[in-house]
Structures are given as structure tokens and as C-alpha cells.
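Got your viewer open? Load the model below and follow along, one selection at a time.

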Amino acid sequence: MAAAPFELKGKTVYVAGHDGMVGAALTRRLAREDVRLVTVDRSEVDLRDQSMVFRWFAQVRPQLIILAAAKVGGIVANNTLRAEYIYDNIAIAANVIHAAHLNGAEKLMFLGSSCIYPKLAAQPLREDSVLTGPLEPTNEPYAIAKIAGIKMVEAYRSQYGSDFISVMPTNLYGPGDNYHPEYSHVVAALIRRFHEAKLAGATNVTIWGTGAPRREFLYVDDMADACVHLMKTFSGPELVNIGVGKDITIAEFARIVAAIVGYRGEVTFDHSRPDGTPRKMLDVTRLEKLGWRAQTSLKDGIELAYRAYLSAG
Ligand SMILES: NC(=O)c1ccc[n+]([C@@H]2O[C@H](COP(=O)([O-])OP(=O)(O)OC[C@H]3O[C@@H](n4cnc5c(N)ncnc54)[C@H](OP(=O)(O)O)[C@@H]3O)[C@@H](O)[C@H]2O)c1
């Protein structure tokens with residue numbers, strides 16, 4: 001694996017998706033680097049629109065690109081908006097990666113997701129398990145679009161020698177998360193449910209499934225720090241997982257969230273609802289060898305996320 005010290009100093013860096021949860025964390029983290037940060041709103045450049053993207057890139061010519069724009073959501077959104085998930089995410093990846101190439105970008109980082117790994121891949125999930133088996137059907141359109149992005153990065157590296165890299169973050173949470181009642185991820189959903197239960201004086205919150213599945217959660221500012229670290233230190237065709245390398249049962253996790261939110265009622269589990277994969281955790285050996293580890297504990301991270309939820313109103 002190539003270790004390539006790469007100088008960010010003085011570079012024009014484009015964060016695509018700057019007002020999303022991850023993009024906002026990246027812009028917070030990049031504010032501590034000596035770079036010129038550029039962003040553009042969707043109202044000016046819809047990244048699904050090739051001509052808009054090509055025109056904007058030709059004008060701005062960003063030297064570094066972090067591609068954190070995507071259509072993202074929880075299981076319900078992924079499973080119902082299947083056409084939008086595959087079309088938007090393929091179009092965004094294709095347009096941005098090709099525009100970066102056409103305009104001589106020095107480096108590009110593509111953000112994938114842990115759902116690109118096969119449903120039954122061995123745990124913890126290693127980078128080389130990609131495309132070794134069938135995907136989880138509920139988010140297959142999203143995963144296929146992400147795999148297309150990864151394969152573009154690989155192909156541009158091999159045909160043009162582009163310094164394009166792909167990273168695979170685990171489940172993220174933190175400021176700017178999506179709290180939509182149906183379309184959110186598990187952390188945001190639990191924060192919202194416990195908060196609402198506390199306000200309503202409810203005595204019970206029921207969570208789908210047995211609570212036994214194990215999941216891994218990474219605070220989004222840690223993830224942004226890992227991205228900047230990898231932009232500086234990593235160049236290679238291999239994927240790099242970004243996670244904490246530790247997991248927790250949904251039941252334990254729910255109790256931590258409830259305690260932080262201040263919900264004092266009961267937490268019960270509806271065993272008639274599906275559990276999903278028993279365990280989902282990334283193997284972070286490669287990331288650790290590259291010199292990075294997560295710093296924020298789950299408790300601190302949830303506290304920060306809850307504070308951000310409250311101040312967002
Ligand atoms: N959240 C997680 O747990 C997680 C885990 C692993 C990987 N990731 C990856 O991290 C990246 C960002 O995720 P996130 O959680 O930050 O999602 P998010 O909060 O929904 O943000 C997505 C961003 O993409 C922008 N976007 C979407 N479609 C666009 C379009 N057609 N044109 C221009 N901009 C568009 C959104 O802009 P608008 O605000 O205008 O819609 C928003 O800024 C994604 O690639 C995702 O796969 C996330």
C-alpha cells in the first residue's frame with residue numbers, strides 16, 4: 001500500500017455536499033488547514049446535471065475534491081426510493097469524478113459506505129470482501145451506485161494515473177444528522193424518540209427487534225479528521241475502512257442514548273420485528289496502520305449530538 005505524503009497547504013479544496021452531516025464536519029475540520037475551501041449549493045449546481053457540473057468545474061478548477069454529496073437515508077428510504085437512490089448516486093459519482101479528471105484535479109476522495117460489503121461477509125468487514133457475495137437487498141440500489149463510484153476511482157487510477165482514493169465509513173452520527181421520523185438512521189431516530197418520550201412523560205419506548213444485533217458508530221467529526229488524515233497520507237487503489245473497530249448491541253446503545261437524553265422510562269424490544277444482520281462492524285486494521293484512530297467516546301459523541309439536536313430546535 002502506497003503511503004504518499006500529500007501537501008494540502010495552499011490548495012483549493014471542494015467539498016461536495018458541504019451542508020450535509022459529513023460535508024459540514026469536513027468543512028469544520030478543513031477550516032483548521034491552510035486551504036482555500038470552495039463549496040456550491042445544489043440550487044446553483046445540481047450534481048446530477050452533467051452540464052452544470054462540468055461548467056462549474058471548468059470555472060473553479062478545484063485541486064482537491066472530497067465527494068460527500070449523495071442521496072442518503074435509513075432503511076425505509078433506501079428500500080422505497082430505490083430508483084432515486086440508484087440514479088442520483090450514480091449520476092453524482094459519474095459527473096464529479098469525470099469532471100475532476102477533465103480539469104486536472106490533483107486528488108479526489110470518494111466516500112462509500114459499509115453497505116457495499118456483501119450481506120454475509122465475514123465480520124469484521126474487510127476491504128477485500130467487496131464484490132464477494134450478494135448485497136443486502138433493501139439497500140442494493142444505493143450500494144450498487146457506491147460500488148460504481150469505487151470502480152470509477154479504481155479505473156481512473158489505472159487508466160490515467162489519477163490520485164483518486166475511496167474510503168468506506170461506518171455508521172456515522174453527530175451534528176447535522178437527519179432526524180426525519182421515517183427516513184433517519186438509527187442514532188438520530190433514537191435521540192428523537194427518547195427526547196419526544198421524555199417531553200411527553202411516556203413510560204415506555206419500544207424498539208424494533210430483539211436489541212441483540214451489534215453495530216458500530218463513529219462520531220462524524222472523527223470521521224472528517226480521518227478523511228483529512230488519509231488525504232494527506234494515503235494514495236492507493238485499495239479501499240480504506242473508516243470506523244472505530246468496536247461495536248455495541250442495539251440494546252446497550254439504546255440505554256446509553258436514553259440516559260444521555262434523560263428519558264427515565266422503560267425500554268422494551270419488539271421481538272416480532274426483524275433484527276437485520278446480527279453484527280456489522282468494519283475491520284480498521286488498514287486505517288490504524290495508516291496512523292489514525294477515533295478519539296471521541298460513544299458517550300461523549302452522543303452528548304455532543306444531543307446538544308446539537310437541541311440547539312437545531
Ligand atoms: N450518514 C452516515 O451514517 C454515512 C455512513 C457512511 C457513509 N456516508 C457517506 O457520507 C456521504 C454524506 O452523507 P451524509 O450523512 O452527510 O448525508 P446528508 O446529510 O444527507 O448530506 C448529503 C449532501 O449531499 C447533497 N446532495 C445530495 N444530492 C445532491 C445533488 N443532486 N446535487 C447537489 N448536492 C446534493 C445534499 O445537499 P442538499 O442539502 O441540498 O440536499 C447534502 O449536502 C455520502 O456519500 C454517504 O454515503 C454516510
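Contact here goes by C-beta atoms placed from the backbone: two residues touch if theirs lie within 7 Å. This is a predicted model, where local features need pLDDT of at least 70, side-chain atom pairs count only at pLDDT 80 or more, and totals for chains, interfaces and linings use all residues. Residues are numbered from 1 along each chain as its sequence is written.

Start by selecting Arg215, in strand S8 (residues 214–215); strands are DSSP E runs of at least two residues and helices are H or I runs of at least four, numbered from the N terminus. Leaving out residues up to four places away in sequence, Arg215 touches Asn171, Asp247, Ile248, Ile250, Phe253 and Lys280.

Is Arg215 buried or partly exposed? Partly exposed, because it has 19 C-beta neighbours inside 10 Å; buried takes 20 or more other C-beta atoms within 10 Å, exposed means 12 or fewer, and partly exposed is in between.

Next, pick Arg193 in helix H6 (residues 186–200). Arg193 has 22 such neighbours inside 10 Å, so it counts as buried. An unreviewed UniProt entry lists Arg193, Trp208, Arg215 and Asp275 under "binding site"; such annotations may be inferred rather than shown by experiment.

Now show the ligand. Of the 24 residues around it (C-beta within 6 Å), Gly17, Gly20, Val22, Ala69 and Ala70 come nearest. Helix H1 (21–30), helix H4 (82–102) and strand S6 (171–173) each give two or more residues to this shell, with H1 giving the most, three.

Finally, colour the shell by class: eleven nonpolar, seven polar and six charged residues. Nonpolar covers Ala, Val, Leu, Ile, Met, Phe, Trp, Tyr, Cys and Pro, charged covers Asp, Glu, Lys and Arg, and the others, Gly among them, are polar.
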